[in-house]
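Dear colleague,

I am passing the structure below on to you, and my notes on the ligand site and the pockets follow it. Please read them with the coordinates open.

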Amino acid sequence: MQTLQRTFSIIKPDAVSKGATGDILHMMQEKGFRIIGMRMLEITKQQAEGFYAVHCERPFFESLTNFMSSGPIVVLALEKENAIADLRKLMGATNPANAEAGTIRKKWADSIERNSVHGSDADDTARFELSYFFAGYELCK
Ligand code: ATP
Ligand code: MG
């Protein structure tokens with residue numbers, strides 16, 4: 001028997017600015033993800049650096065954190081059986097050129113950087129990322 005799992009997602013500035021938020025939420029809900037937390041906000045460069053700290057040595061870190069702090073984002077707490085892997089599947093490959101048909105990135109992403117959505121990649125990162133943006137009391141039962 002599978003158990004419910006939580007994951008964390010961001011609708012990134014490129015997708016929010018082109019009006020894709022509703023469609024992306026719809027794609028997630030159609031796949032059975034339950035939204036248990038949701039907020040639109042803008043983050044500072046420093047907050048983006050803290051969130052993506054695992055990538056601080058990568059050549060794209062500077063550009064990525066500028067992008068993530070460039071405009072409104074929507075942060076999401078999602079619940080579903082096998083949520084972490086299933087969200088990664090629904091998102092598609094990091095580079096939209098390699099994303100499969102039917103994925104969010106295939107439909108909406110502009111480039112490997114401006115790729116519309118973020119999703120946690122493992123249990124421990126999901127826990128860190130959920131707690132980076134949500135207090136426990138903000139999540140719905
Ligand atoms: P995310 O962590 O945002 O869900 P991901 O797990 O598919 O995406 P990561 O390798 O964790 O990809 O990279 C984090 C983010 O950094 C990517 O989503 C993308 O926005 C950006 N990025 C990754 N690789 C590159 C690259 N080669 N050039 C520019 N930006 C990149
Ligand atoms: Mg990642």
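**Ligand 1 and the pockets**

Around ligand 1 there are 14 residues, of which Lys12, Tyr52, Thr94, Glu113 and Asn115 come nearest. Please keep in mind throughout that this is a predicted model.

Sorted by class, the shell around ligand 1 consists of five nonpolar, five polar and four charged residues, and helix H5 (83-91) and strand S4 (117-119) each contribute at least two residues to that shell.

Three polar contacts to oxygen atoms of ligand 1 deserve a look. In the side chain of Tyr52, an N or O atom is 2.8 Å from an oxygen atom of the ligand, while for Glu113 it is a backbone N or O atom that lies 2.8 Å from a ligand oxygen. His118 brings a polar side-chain atom to 2.9 Å from an oxygen atom of ligand 1. As for burial, ligand 1 taken alone exposes 570 Å², and the protein buries 81% of that area.

Turning to the pockets, the space that ligand 1 takes is the largest pocket, and about 550 Å³ of space lies within this pocket. It is lined by 25 residues, and those closest to its centre are Tyr52, His55, Phe60, Leu64 and His118; Tyr52 and His118 thus return here, having each appeared above with a side-chain atom at 2.8 Å and 2.9 Å, respectively, from a ligand oxygen. Helix H3 (45-51), H5, S4 and helix H7 (123-133) each supply at least two residues of the lining, which by class comprises 10 nonpolar, eight polar and seven charged residues.

The second largest pocket has a volume of about 210 Å³. Its lining is made up of 14 residues, with Lys31, Asp86, Lys89, Leu90 and Thr103 closest to the centre, and the largest share of that lining, three residues, comes from H5. By class, the residues that line this second pocket are five nonpolar, four polar and five charged.

Helix H5 may therefore be a convenient place to start reading, as H5 supplies at least two residues to the lining of the largest pocket and three residues to that of the second largest.

With best regards

Key: Residues numbered from 1 in each chain as written. Chains lettered and ligands numbered in written order. Predicted model: local features only at pLDDT ≥ 70, side-chain atom pairs only at ≥ 80, totals over all residues. Heavy atoms only, no water. Near = heavy atom within 4 Å. Polar contact = N/O pair within 3.5 Å; in protein donor to acceptor, adjacent residues only side chain to side chain. Areas by Shrake-Rupley, 256 points an atom, 1.4 Å probe, with all protein chains shown as cover. 1 Å grid on protein atoms, 1.4 Å probe; cavity = no way out; pocket = protein on both sides within 12 Å on 5 of 7 lines; lining within 4 Å. Sits in = over half its atoms within 2 Å of the grid points. Helix = DSSP H or I, 4+ residues; strand = E, 2+ residues; numbered from the N terminus. Nonpolar A, V, L, I, M, F, W, Y, C, P; charged D, E, K, R; others polar. Points joined across faces, edges and corners; volume = space filled by probe spheres on them.
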